[in-house]
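Let's take a walk through a protein together, starting with one residue and then stepping back to see the whole chain. Keep the picture at hand as you read.

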Amino acid sequence: MVQRNTWQRERVREALADARGFVSAQTLHATLRDENTGIGLATVYRTLSGLATSGDADSLQSPEGEALYRACSTEGHHHHLICRSCGLTVEIEAKDVEAWAQRTASLHGFSEAEHVVDIFGLCTPCANRRAAAEGSASA
């Protein structure tokens, strides 16, 4: 299904591009609501789904199971390193993962294997803040 390019969809696209890291549809909708755009939650969900389908946005499932989206800056298949604290996201290539996925699929008689790999951790600034907070708490 092709989505018409309305001002509402364009504003959702812009808000997604302005967001830092991955965001939920609810979070993006709250931002748009705070700007008094009048854009409904259903429009945000439909637009994000369309952007993900067309490859203009990355989509992943958070460890809690929520769908998250981010404006895609890399074309083609890639993976992400995502900070659990601040949401900083780095797009990465992972040739070892690609080879492992194909090899594993082949060993089990599968072809045309596809996969999604997203790595969640703490970026250096967040890890340093956590270490400093833990250090001051134990002092």
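Let's begin with Arg 70, which counts as buried because its relative accessibility is 12%, and the cut-off for buried is under 20%. Please keep in mind that this is a predicted model, so every value here is computed from predicted positions.

Where does Arg 70 sit along the chain? You will find Arg 70 in strand S3, which covers residues 67–71. Now look at what surrounds Arg 70. Setting aside neighbours within four places in sequence, Arg 70 is in contact with Leu 16, Gly 21, Phe 22, Ala 57, Asp 58, His 80, Thr 89 and Glu 91. One of these partners, Glu 91, deserves a second look: the side chains of Arg 70 and Glu 91 make a polar contact of 2.5 Å.

Our next stop is Ser 54, in helix H3, which spans residues 41–54. Is Ser 54 buried or partly exposed? Ser 54 counts as partly exposed because its relative accessibility is 48%, and that class lies between the cut-offs of 20% and 50%. The side chain of Ser 54 also has a polar partner, since a polar contact of 3.0 Å joins it to the side chain of Asp 56. To get a feeling for distance along this stretch, find Ala 42 as well: Ser 54 and Ala 42 are 12 residues apart in sequence, and their C-alpha atoms are 18 Å apart in space.

Now step back and view the whole chain. How many helices and strands does the protein chain have? The count is 5 helices and 6 strands. If you trace them from the N terminus, the order reads α-β-α-α-β-β-β-β-α-β-α.

What about overall dimensions? The C-alpha atoms fill a box of roughly 55 × 45 × 25 Å along the principal axes. The radius of gyration of the protein chain is 18 Å, whereas a compact globule of 139 residues would have one near 14 Å.

Burial can be viewed for the chain as a whole, too: 30% of the 139 residues count as buried. About 9200 Å² of the protein chain is exposed, with carbon and sulfur atoms supplying 51% of that area. Among contacts between residues at least 6 apart in sequence, 49% join residues at least 24 apart.

Finally, consider charge. The protein chain carries 13 positive and 18 negative side chains, and the centres of these two sets lie 5 Å apart.

Key. Residues are numbered from 1 along each chain as its sequence is written. This is a predicted model: local features need pLDDT of at least 70, side-chain atom pairs count only at pLDDT 80 or more; totals for chains, interfaces and linings use all residues. Side-chain values use heavy atoms; hydrogens and water are left out. Helices (H or I, at least four residues) and strands (E, at least two) are DSSP runs, numbered from the N terminus. The radius of gyration is taken over C-alpha atoms; the globule rule is 2.2 Å times the number of residues to the power 0.38. Buried means under 20% relative accessible area, exposed over 50%, partly exposed in between (1.4 Å probe, protein chains only). Contact means heavy atoms within 4.5 Å. Accessible areas come from the Shrake-Rupley method with a 1.4 Å probe; for residues, only the protein chains shown count as cover. Lys and Arg count as positive and Asp and Glu as negative; His and the chain ends are not counted. The place of a charge is taken as NZ of Lys, CZ of Arg, CG of Asp or CD of Glu. A polar contact is a pair of N or O atoms within 3.5 Å; within protein, one must be able to donate a hydrogen and the other to accept it, and residues adjacent in sequence count only if both atoms are side-chain atoms.
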